[in-house]
Amino acid sequence: MIRQKSFHNKRATLFLVPTPIGNMTEISMRQKETLEKVDVIACEDTRNSGQLLKTLGINKRLIAYQNFNEENSSKGILSLLEEGKDVALISDAGYPLISDPGQKVVQLVSRSGYNVVPISGSSAILNALVASGLVVQPFLFVGFLGNQSSQRRKRLKEFKDYPMTMVFYEAPHRIEKCLKDCLEILGDRSCTLAREMTKLHEEFIRGTFSEILEICKELKGEMVLVVEGKAESDEVDFNEVVGEVQKLVDQGFRTKEASKQIADKMGLSKNKVYDLYLETLPKE
């Protein structure tokens, strides 16, 4: 166990600092103060981040931290912490680690006993979710489904029976293909497409996949797609439910845990699933 009391030790710290997702006035005082006081700032693109820091009047050493050099860069950041230097990790927009690099360095730094401290800030996920008009809790953040249709369809099939609201990221040049894949795999569900959030042309388009497909060719900007989960159906194939529970039991799961997992996946009552499974067991 590693217990971190962030502000009650003298160890060097890796700060995870979100950056604005569009509107530059959303930078907070704490974000700015953190970037001002650290020794080094690790970022995805030194040019983009350099422009942000210039706007904020901050002059700091920048180092690149990207997906392709994440392992080596993580070791470099750890070395800086070992020298007693504080480091801030930022992404081009929004939170580090969320569909952006950072996972490896956080794992390495935390395992090595140094502080990892998150700073609050802009979140495209939460902005889109709370304004979507769909059920907010529970929700599943998926991120990008994949560049190719085969990748998207495979992942959508994994999520099609989930009862919770789902949040996807998508690029504007792929949004039409993504919506078509969603329509075919998930059915014509309610959804909200949020684009250009916090910017002048911010827009929330609430409807169904088929409705949004009618206008998607004209849409531009960074996009977040919020999709309703699968509704619980009165017509449940109980043999299928019991079979899915049995598969988990055969893998070594306890009956109650297996029932809970299948209930969550299929949008059913865990007690109902558990009772159904027990009814199939031989009577003593």
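**Exercise 1. Domains and overall dimensions**

How many Å separate the centres of domain 1 and domain 3, taken over C-alpha atoms? Place the result within the overall dimensions of this predicted model.

*Solution.* Begin with the bounds: the domain assignment gives domain 1 as residues 13–121, domain 2 as 125–227 and domain 3 as 238–280. When the centres are taken over C-alpha atoms, domain 1 and domain 3 are separated by 43 Å. Next, consider the extent of the C-alpha trace, which spans about 70 × 55 × 30 Å along the principal axes of the protein. The secondary structure comes to 11 helices and 10 strands, and buried residues make up 44% of the 284 residues. Finally, turn to the surface: the protein exposes about 15900 Å², of which carbon and sulfur atoms supply 48%.

**Exercise 2. Two sides of helix H1**

Determine which residues of helix H1 are buried and which elements cover them.

*Solution.* Helix H1 runs over residues 29–37, and within this helix Gln-31, Thr-34 and Leu-35 are buried. These residues lie on the same side of H1, because they cover an arc of only 95 degrees around its axis. On the other side of H1, the exposed residues include Met-29 and Lys-37. The last step is to identify the cover: the elements over the buried residues of H1 include strand S1 (13–16), strand S2 (40–43), helix H2 (46–56) and strand S4 (87–89).

**Exercise 3. The largest nonpolar core**

Describe the largest nonpolar core, and then follow one of its residues, Phe-168, through its surroundings.

*Solution.* The largest nonpolar core has 23 residues, and those with the most contacts inside it are Phe-168 and Leu-225. Two or more residues each are given to this core by helix H6 (149–159), strand S7 (165–170), helix H7 (175–186), strand S8 (190–195), helix H8 (209–213) and strand S10 (223–227). H7 gives the most, with six residues. A second, separate core of 18 residues includes Ile-63, Leu-78, Val-106 and Val-116.

Now take Phe-168, whose place is in strand S7. Phe-168 counts as buried because its relative accessibility is 0%, where the cut-off for a buried residue is under 20%. Leaving aside neighbours within four places in sequence, Phe-168 is in contact with Val-142, Gly-143, Leu-145, Leu-156, Cys-182, Met-223, Val-224, Leu-225 and Val-227. For one of these partners the separation can be stated in both senses: Phe-168 and Val-142 are 26 residues apart in sequence, yet 5.4 Å apart in space from C-alpha to C-alpha. As a general background, nonpolar side chains tend to be buried together in soluble globular proteins.

For the protein as a whole, consider the contacts with a separation of 6 or more: residues 24 or more positions apart account for 69% of them.

**Exercise 4. Annotated spans set against the model**

Compile the geometry of the two spans that carry UniProt annotations from an unreviewed entry.

*Solution.* Take the feature "domain: Tetrapyrrole methylase" to begin with, which UniProt places at residues 13–212 in an unreviewed entry. Over residues 13–212 the chain is 38% helix and 22% strand, with the end C-alpha atoms 45 Å apart. Turn then to the UniProt annotation "transmembrane region", likewise from an unreviewed entry, which covers residues 124–145. In the predicted model, the span 124–145 is 36% helix and 27% strand, and its end C-alpha atoms lie 16 Å apart.

How values were computed
Residues are numbered from 1 along each chain as its sequence is written. This is a predicted model: local features need pLDDT of at least 70, side-chain atom pairs count only at pLDDT 80 or more; totals for chains, interfaces and linings use all residues. Side-chain values use heavy atoms; hydrogens and water are left out. UniProt positions are given in the numbering used here, feature names are shortened, and annotations may be inferred rather than shown by experiment. Helices (H or I, at least four residues) and strands (E, at least two) are DSSP runs, numbered from the N terminus. Buried means under 20% relative accessible area, exposed over 50%, partly exposed in between (1.4 Å probe, protein chains only). The arc is that of the directions from the helix axis to the C-beta atoms. Contact means heavy atoms within 4.5 Å. Domain bounds come from an automatic or database domain assignment. A nonpolar core is a set of buried Ala, Val, Leu, Ile, Met, Phe, Trp, Tyr and Cys residues joined through side-chain atoms within 4.5 Å. Accessible areas come from the Shrake-Rupley method with a 1.4 Å probe; for residues, only the protein chains shown count as cover.
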